[in-house]
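Biologist: Please pick one part of this model and look at it closely with me. After that, I would like to see how the chains fit together.

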Amino acid sequence: MFPKNTWYVACMPEELATGPLGRRICGEAIVFYRDASGTVQAVEDFCPHRGAPLSLGFVHDGQLVCGYHGLVMGADGKPAAMPGQRVQGFPCNKAYPVIERYGFVWLWPGDPAQADPAALHHLAWAESPDWAYGGGMYHIQCDYRLMIDNLMDLTHETYVHASSIGQKEIDEAPVRTRMEGEQVVTSRFMDNIMAPPFWRAALRGNGLADDVPVDRWQICRFSPPSHVLIEVGVAHAGHGGYEAAPEHKASSIVVDFITPETETSHWYFWGMARNFRPDDAELTASIRQGQGKIFAEDMEMLERQQRNLLEHPQRDLLKLNIDAGGVQSRRIIERLLASEGQAAAGAGA
Amino acid sequence: MFPKNTWYVACMPEELATGPLGRRICGEAIVFYRDASGTVQAVEDFCPHRGAPLSLGFVHDGQLVCGYHGLVMGADGKPAAMPGQRVQGFPCNKAYPVIERYGFVWLWPGDPAQADPAALHHLAWAESPDWAYGGGMYHIQCDYRLMIDNLMDLTHETYVHASSIGQKEIDEAPVRTRMEGEQVVTSRFMDNIMAPPFWRAALRGNGLADDVPVDRWQICRFSPPSHVLIEVGVAHAGHGGYEAAPEHKASSIVVDFITPETETSHWYFWGMARNFRPDDAELTASIRQGQGKIFAEDMEMLERQQRNLLEHPQRDLLKLNIDAGGVQSRRIIERLLASEGQAAAGAGA
Amino acid sequence: MFPKNTWYVACMPEELATGPLGRRICGEAIVFYRDASGTVQAVEDFCPHRGAPLSLGFVHDGQLVCGYHGLVMGADGKPAAMPGQRVQGFPCNKAYPVIERYGFVWLWPGDPAQADPAALHHLAWAESPDWAYGGGMYHIQCDYRLMIDNLMDLTHETYVHASSIGQKEIDEAPVRTRMEGEQVVTSRFMDNIMAPPFWRAALRGNGLADDVPVDRWQICRFSPPSHVLIEVGVAHAGHGGYEAAPEHKASSIVVDFITPETETSHWYFWGMARNFRPDDAELTASIRQGQGKIFAEDMEMLERQQRNLLEHPQRDLLKLNIDAGGVQSRRIIERLLASEGQAAAGAGA
């Protein structure tokens, strides 16, 4: 179950560079392409003529053309032309509201009449020249809510990411979870510890000593439908931690946009936004590579967890204090589902 | 749904060169082999002893022997022998009528009592020394009727085969569809156009100029249960087109035998018969290679179309004038199904 | 259907050398590991916290730790610890009785209260310095009972293993099947024949001429739940055959432990125990390699047989005299199932 009257990240602009892109989102097969003005359009990936996927076609003069018999599909879902045919009476496709902003293409998979651009999650860092972003996308075979759970409980770093960002002190530090309107915030502060490898490299990359004690923080913020942005960082100990002046710390925002594909698979858009050395493309690439490796470590765990849950539908999972972030996030999702009139299912937990 | 009381191409003779061949046709698992006289025989691919596939066995002295415990299966489906056993009381397998003719092995998957060799489709070119044939086979994951639709509407060439046989003028030329008894004929004539790459090569191969205007034709002929033979060619413009004398044209017959495997897969036997330079084996090989590439281009489209249709069972497809060939062909198939007492389903369209 | 209140081979000790092992047995996903004392333990492969497979975790100080969030699972199935948590109220996992003996790890998948170490099948050769054992394991996609049938009717050697241990005389020799309490014994004696390649090599390996007539024997013994031990050998003809003195024969025991994974797949532990040159590791390796090749020949046949049976559920298989060993073995399994209160299904035959 996924809320549909909301904005999801559908793809990255570079995925549209060479032609139409077919992608299933919230169970619906959709084709994305750029029209003559460069605007991204999205319609059902189904040719009304003979059912071929329009994503196997091409874009000609900014119009989407079916690659089987040449039907030209309009961005509004109405067939616009076809060689030798009058298309006025042809059945129409669903057309989807799309916004391209913040370096992503966003889709509203639900009722187009309710699509509200103002409801798009605001990302200040994505519009600021003081920040740089690098990231990627993984296709993961599990319920998107298992990924939300994963990101809203970072104690897993100690185990899944032991060689990069994990450290024993995460487990030992208490976690606090609170609601902020429609957001869930889970935070953990670890004072006067030694930084793990990833953060030592970030300190060095920021011109700071990496062999002195630091204060470390993790502030995970869930926003509906399924965004998790995590403020993370370390500051040389005794300079105020999270509140320390820039010259004493290395910090950034872990960016996670989680888009359901089916009930048991999703598209995971991951990345990192940082406000130091934003013009250093080499640093961006290096962080991206490190982060890509770290997030790949989660994949096997999540996919095997999904299969285990499908095999044990009768088992209730635990909801510990460390799980509060995920539990609260799921409650918000269930409220959205209820408000859309969908049955709120607790599948996966 | 497939008519069963009819002849389908089951395999090519070379597929029987090294031993028994197991192949599913019209939903039935069948084993083919050559007996002592060289005649092709076909029985259910199931050993009555322990259920092993007989196609994993071998042929000894012209008899099919199960590779598990040595049961000898008769060509009539009656177990003929087994070491140390009396086989008179053993259950029998279904045996299938088979004809080897025209360079193919033909199977009658339905009621053997109704099998009529005279009902086999006649192929004059396959028996004439003036003609040469080259071809191959593809295993395609879609309803065999989607392949019939594909071949009875060649406007797809413009899109799917843009670099070889496609050209804009196909779309623009009107198509005519007519019935000839139990056959459906769809034809298109394009006068005074430039030939596309495949036909330029054929003109050259035939010793004709390739840079002058030509008249081009395509005459698709569906015969039940699922054969599509297409007369294709080009003639130097102004010499009578289809009726032009041999020295002015390059022409041939595209041969398509489409054998259902399951409801959503089929064996596609494709090839080309030509009546020029029939002894030129190098030309045969070169045409075969080109045609193999072209037909491979259809595969992804057809298989993705099939998946799209399975996901959208509620959507009606369009039946345009260009689809008339496929629509009429399906009607004939439905009549055959009805006459066999099978429910006529319109699956896939 | 598989009896559960019985001992099955679960794994070989070397499979536990580098960490926990996840393996499905009798439909249950189980994790195996060595505790601090070196004893093998087995519990459900499901973390009560969030459902991750415990087999993705690690062993720390002899305790099994979940690799997702660090829950420590006790060998008794009770969560023993978790960072920052009180685990007393956590739900428990099933813990399985395990015995390590005879070079194998044995599991009792049923009711732990009924687990009886004395019920473990006794293997005298596995405890004697006069014997050597070499073997391996295959994962096979068929009902474990098809493998029992296979091993209790060695006429298949003539066909499936024609180039190694098969020979025409197997087919021709009568087979006798008898019950010995809860065991089924099928035997065949072939006197004054030439040995097939595998046995010629064994004769040579034993310092005996390989080009003289031999007496050959095969004595297959099924013990519940699914063990098949086969006494096999050849003796120079005229020295008493099976009863011949050691200096006239080459003999050994083919060892087959067949552990159900699902209704249509199993783990096949195969090997050979021999009482000649037990310290010759090279010979052990060479026999193991030859046997591995031979048993691989059965795999395709069995897996294809399984698929054929699933497609033809209405067909009854034959129960010939040569099948008596398998038929009787299945009756014993059905009695065990009935005594466990499971419906006795004849699936697969």
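Modeller: Let us begin with a word we need: a residue is buried if 20 or more other C-beta atoms, placed from the backbone, lie within 10 Å of its own, exposed if 12 or fewer, and partly exposed in between. This is a predicted model, in which local features need pLDDT of at least 70, side-chain atom pairs count only at pLDDT 80 or more, and totals for chains, interfaces and linings use all residues. Residues are numbered from 1 along each chain as its sequence is written, while chains are lettered from A and ligands numbered from 1 in the order in which they are written.

Our close-up is strand 17 of chain B, residues 249-262. Strands (E, at least two residues) and helices (H or I, at least four) are DSSP runs, numbered from the N terminus. Of the 14 residues in strand 17 of chain B, 11 are buried, so the rest of the structure largely encloses this strand.

Now look at its partners; two strands pair if DSSP finds at least two bridges between them. Strand 16 of chain B (residues 227-236) is joined to strand 17 of chain B by nine bridges, and the two run antiparallel. You can find one spot to check by eye: Ser252(B) in strand 17 of chain B has Val232(B) opposite. Strand 17 of chain B is also linked to strand 18 of chain B (residues 265-274), antiparallel again, through 10 bridges. There, Val254(B) has Met272(B) in strand 18 of chain B as its bridge partner. Two residues make the hairpin that connects strand 17 of chain B with strand 18 of chain B.

Elsewhere in chain B, four strands form an open sheet in the order 2-3-4-9, with antiparallel pairing. Its edges are strand 2 (21-25) and strand 9 (95-96) of chain B, each pairing on one side only. Inside this sheet, five bridges hold strand 3 (residues 28-34) of chain B against strand 4 (residues 40-44) of chain B. One of the pairs to look for is Ile30(B) with its bridge partner Glu44(B) in strand 4 of chain B.

Next, step back to where chains meet, with contact meaning that C-beta atoms, placed from the backbone, lie within 7 Å. Chain B brings 21 residues to its contact with chain A, which brings 17. On the chain B side, helix 2 (157-160), helix 3 (168-172) and helix 5 (281-311) each supply at least two residues. Helix 5 of chain B has the largest share, seven residues. Eight residues of this side are nonpolar, six polar and seven charged (Ala, Val, Leu, Ile, Met, Phe, Trp, Tyr, Cys and Pro count as nonpolar, Asp, Glu, Lys and Arg as charged, and the others, Gly among them, as polar).

Chain C meets chain A as well, with 17 residues from chain C and 19 from chain A. Here the chain C side has nine nonpolar residues, seven polar and one charged.

Finally, compare chain C with chain A by least-squares superposition on the C-alpha atoms of residues with pLDDT of at least 70 in both. A rotation of 120 degrees, with 0.1 Å of shift along its axis, lays chain C on chain A with an RMSD of 0.1 Å. That is how a three-fold axis relates its copies.

Terms used: Contact = placed C-beta atoms within 7 Å.
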